[in-house]
Amino acid sequence: MRRSDLGEFEEVVLLTVAVLAPHAYSVSIAEELEQETGQTVSTGAVHAALQRLEQKGYVTSLLGEATAERGGRRKRLFTVTALGGRVLNDVRQVRNRLWERIVPQVTLKWS
Amino acid sequence: MKTLKNKSPFPRLDEFLHRLVAPHLREEIMGDLHERYQRRSQRLGETNARQRYWRDALTYVRWSNIKRKPNPYPTTYLYSPTMLRNYFKIAFRNLLKYKGYSFINIFGLATGMAVAMLIGLWVWDELSFNKSHKNYDRIAQVWQFVNFDGTISSYNSVPIPMAEELRSKYPDFQATSLSTYTRDVILAAGDKKLTKSGNYVQPAFVDMMSFKMLAGSADGLKDVHTIFLSESVAKAFFGTENPLNKIIRMGNKTDVKVTGVYEDLPYNSAFRDVLFLAPWELFVANDAYVKRVLDEWDENSFQVFAQLKEGPSPEAVSAKIKNIRMKRKDPPGYKPAFFLHPMEQWHLYTDFKDGKNAGGIVYFVWLFGAIGVFVLLLACINFMNLSTARSEKRAKEVGIRKSVGSVRGQLIFQFLSESFVITLIAFVLALLFAQLALPFFNEIADKRVSILWANPWFWLLGLGFSLLTGLIAGSYPALYLSSFQPIKVLKGTFKASRFTSVPRKVLVVFQFTVSVTLIIGIITVFRQIQHAKDRPSGYERSSLVEINMNTPELYAHYEALRNDLLNTGAVVEFAESGGSITNQYGGTTNISWKGKTPNTQPLFMANQVTHDFGKTVGWKVIEGRDFSRKFSTDSSAMIINEAALKLMGFKNPIGEIVRSGKEYKVIGVIKNMIRQSPFEPVNAAFYTINYNAVNTISFKLAPQLGTSKALDKVAGVFKKYNPEAPFEYSFVDEVYGRKFSDEERIGKLAAFFALLAIIISCLGLFGLASFIAEQRIKEIGIRKVLGASVAGLWQMLSKDFALLVLIACFISAPISYYLLNDWLQHYEYRTELSWWVFVAAGLGAIAIALLTVSYQAIRAALMNPIKSLKTE
């Protein structure tokens, strides 16, 4: 698995797409991330990450409905593909394995 | 929704983003941005949201958003070799199919280009005059302005001490040299005797003017008895032998040694007639007059050339030397103001008016330059007119090309390439025409120009110019034709709008305006020449012959020579004079009479003649009597001309006393004689008897003997008196005729160009007429069926064109009046601009235009209507 081509921000965005399915689009993702992290996240950054993810085939998109807030423009809705899901899973397993190998004394020191 | 869309906080920023972002991303990006803004302004307030809007917007500025999605359809490749080949194929097919049009286009353009080429060469030659001299930009000649009673004249003659004064007291000069005017001298080596023209100069002259020495060194003129020959003269005397140290006899008097040979000067140099150079010292040694005036500041009969050091400008130095004479004691009343005339201006700026440079030949450089541009323009106009006129013919082709996938760029390229093909063919033809016309052109323009085959600039300019012509001439049809809509064209509803012919008409009017102006111009030039020719010259020029007394043997035999010549029966009168009758040198202000206004310095032309001069040249005595041997007192008698009489203001001139050196009694008044420019008023002049101050023999041949027979007899007499010199003579009427040569040259050149302009205009008109006739062929057919007469049809077809030419006449009349009036102001003695010239030129132009159009009109009108109507 080409782990290296999933950046940290991309990973978070990909996860959020999975969380918000089937209503994931730039604005909702950015707001969700702002809530979760407490930091400002611009839609531009999210949009760029989504474009990259789509290029890599981890997400697919389709145009959704238009709303008044958007000035009558349609939104682009994203869903995680099977490939995307597998990648997420892989990443999670790598992390889990590593977590499990940390000696309890060390985690005690952090808390 | 619309209202919400307009609620954008930063419309400008939106617009910028909208343009920046690729079209396929615009909707989502702009939507996201606006949604975020709306939500934020509800949650965080308007101000905060606006700030964030900016930051958010800027995060979208990245290449992945800007990059446009590639077009999924293949674009047409504009320069595919197959299509290029096709364009040229079609171009040649069109040329061959419409031979008439092709001929008019190519021939017209080629003529226009050839004219532009010739004029270009001429202008180039004029501008490069004297440039072969290495110190071109630092050489100057000393001139002076003199003031004769309020009128300021300019002369390039200065006194001898000037050269030394400049050399020793003014550090701005690197070198100066005295020089005589170019004069004819008989040179003899062994049996060969040739009259050659040359100058007596100081040694510095050779380096100053950068004469190229082929043999001997540049300082070979330091000895008194030396001479430099030009290459051609050296060859004429010595052939292939080495000319150095050979002996040459000058003027049948002095032996000199050849110490140098220089390369012949180019034809466009001020010194092109300087075929030999001899030392100034030699000139002084052989001439008593010069010896006497070596230190005279008021004997203005010599030339001084100077080379400036690097740095000082001629104007600055002129200011310094201006008052050289006025600062010395006894300044003359004509107040000489010296100045430097730089070599750059010797050829093109030779006229002075009221102490200022008033141009000169440069006027004609501009004039002919303008004519060249206009003639070329006329040719381009033909090209454009014919191409647009024929556009309807090719509309279907454009329609079909467009329907099978041609894009506009291809069509533009196609039509431009067609016009390039035509202009390139025309360029090659123009080269040929120019080459063929050059000998003729050189002769009337008095030039030695040739096509600069080896000059890259010539080719660059020529080819660049043809491409430019092709671009200009081809751009209108290219842009116009390629804009047709295929559906309209192919459905057959395409009709060029009424106004498409307007630019065409304007161009025809322009062409004929230029042509008519040129016609009026040449008529006026020739009328001016004729006007001056018709002016009474005041003497009899026919069979009057002059001989320059350039050897000592001819002097001091006056009576004997005269009697011998009269005895041959070939000569009816004989006289000697100081200077030729066709010229006038030697003015004086040293003259006074009873009643002269004090302190005025009018200039009088002083002439020394023998008793028989009047009878020989046939002057017309209108008051008093001619000189006569019967009165011994005539040695101090004076004959004045009408102009002098007017200036002196005598009521009864006979018997009045005039002082000029000594006292003279006026014994007669003669009619004014034109000895200088026939376009200027005659100067006041007087004639006195002096047998010693003569240098020209004039005699009148007996009319009953043939000229050649008479001259044979005369030659025999001269052989007896002057065996060493070749018998060289000139006919006064020929020399007199040369006074008009400048004007005649301009007239001939202008006529030549005007003729071409008219031919080109008519070619264009011919093409247009044939096009119109073809276009209206069905209409004509129907009219004929319904009973229209040939005359009626002719009138219908010709009327439009005649109107255009008429308009052109009305436009050109004021233009030509203005230009010609300006030109005629150059002449003191000038013809009037009569109204009939304008009418004649206009009628002529209309007649030519009608003749051109009529051929096509009548052909169309005579056509059998069955032929034109039966198709379809």
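These exercises work through a predicted model with chains A and B.

**Exercise 1. Describe chain A in outline: its elements, extent, burial and contacts.**

Step 1. Count the elements. Chain A has 5 helices and 2 strands.

Step 2. Put them in order. Starting at the N terminus, the sequence of elements is α-α-α-β-β-α-α.

Step 3. Get the extent. Along the principal axes, the C-alpha atoms of chain A occupy a box of roughly 55 × 30 × 20 Å.

Step 4. Check burial. Chain A has 111 residues, and 33% of them count as buried.

Step 5. Look at contact range. Take the contacts in chain A with a separation of 6 or more; 49% of them join residues 24 or more positions apart.

**Exercise 2. Which elements of chain B supply the side that touches chain A, and what kinds of residue make up that side?**

Step 1. Size the contact by residues. Chain B contributes 21 residues and chain A contributes 18 residues.

Step 2. Assign the chain B side to elements. Three helices of chain B each give at least two residues: α1 (2-5), α3 (23-43) and α4 (46-59).

Step 3. Rank them. α3(B) has the largest share, with 12 residues.

Step 4. Sort by residue class. The chain B side holds 10 charged, 6 nonpolar and 5 polar residues.

**Exercise 3. Is Glu69(A) buried, exposed or partly exposed, and which residues does Glu69(A) contact beyond its sequence neighbours?**

Step 1. Locate the residue. Glu69(A) sits in the loop that links β1 (59-66) and β2 (74-80) of chain A.

Step 2. Count neighbours. There are 18 other C-beta atoms within 10 Å of Glu69(A).

Step 3. Apply the cut-offs. Buried needs 20 or more, and exposed needs 12 or fewer. Glu69(A) is therefore partly exposed.

Step 4. List the contacts. Neighbours within four places in sequence are set aside. What remains for Glu69(A) is His34(B), Glu35(B), Gln38(B) and Arg39(B).

Step 5. Compare with a residue of its own chain. Arg52(A) is 17 residues away from Glu69(A) along the chain, and their C-alpha atoms are 26 Å apart.

**Exercise 4. Split chain B into domains, then describe how domain 2 of chain B meets domain 4 of chain B.**

Step 1. Read the assignment. Chain B divides into domain 1 (2-66), domain 2 (136-346), domain 3 (363-531 + 741-870) and domain 4 (544-728).

Step 2. Take the centres. Over C-alpha atoms, the centres of domain 2 of chain B and domain 4 of chain B are 30 Å apart.

Step 3. Count the contact residues. Domain 2 of chain B brings 13 residues, which touch 14 residues of domain 4 of chain B.

Step 4. Name the elements on the domain 2 side. β4 (183-189) and β5 (192-201) of chain B each give two or more residues. β4(B) gives the most, with 4 residues.

Step 5. Sort that side by class. It has 5 nonpolar, 4 polar and 4 charged residues.

**Exercise 5. How do β4(B) and β5(B) pair, and which further strand pairs with β5(B)?**

Step 1. Find the sense. β4(B) and β5(B) run antiparallel and are joined by 7 bridges. Asp184(B), for instance, has Ser197(B) in β5(B) as its bridge partner.

Step 2. Look at the turn. The two strands form a hairpin with 2 residues between them. In that turn, Gly190(B) has a positive phi of about 60°.

Step 3. Follow β5(B) onward. Strand β10 (residues 276-279) of chain B pairs with β5(B) in the parallel sense, over 4 bridges. Here Val201(B) is opposite Pro279(B).

**Exercise 6. Trace the strand pairings that link β18(B), β22(B), β23(B), β21(B) and β24(B).**

Step 1. Begin at β18 (residues 592-593). β18(B) runs antiparallel to β22 (residues 657-660), with 2 bridges. Trp593(B) is partnered by Val658(B).

Step 2. Move to β23 (residues 662-670). β22(B) and β23(B) are antiparallel, joined by 4 bridges. Ser660(B) is bridged to Lys662(B). The hairpin has 1 residue between the strands, and Gly661(B) takes a positive phi near 80°.

Step 3. Go on to β21(B). β21(B) and β23(B) run parallel through 5 bridges, with Ile639(B) partnered by Gly668(B).

Step 4. Finish at β24 (residues 685-689). β21(B) pairs with β24(B) in the antiparallel sense over 3 bridges. Met638(B) has Thr688(B) as its partner.

Step 5. Check the burial of β21 (residues 637-641). In this strand 4 of the 5 residues are buried, so β21(B) is largely enclosed by the rest of the structure.

Conventions: Residues are numbered from 1 along each chain as its sequence is written. Chains are lettered from A and ligands numbered from 1 in the order in which they are written. This is a predicted model: local features need pLDDT of at least 70, side-chain atom pairs count only at pLDDT 80 or more; totals for chains, interfaces and linings use all residues. Two residues are in contact if their C-beta atoms, placed from the backbone, lie within 7 Å. Ala, Val, Leu, Ile, Met, Phe, Trp, Tyr, Cys and Pro count as nonpolar, Asp, Glu, Lys and Arg as charged, and the others, Gly among them, as polar. Domain bounds come from an automatic or database domain assignment. Two strands pair if DSSP finds at least two bridges between them.
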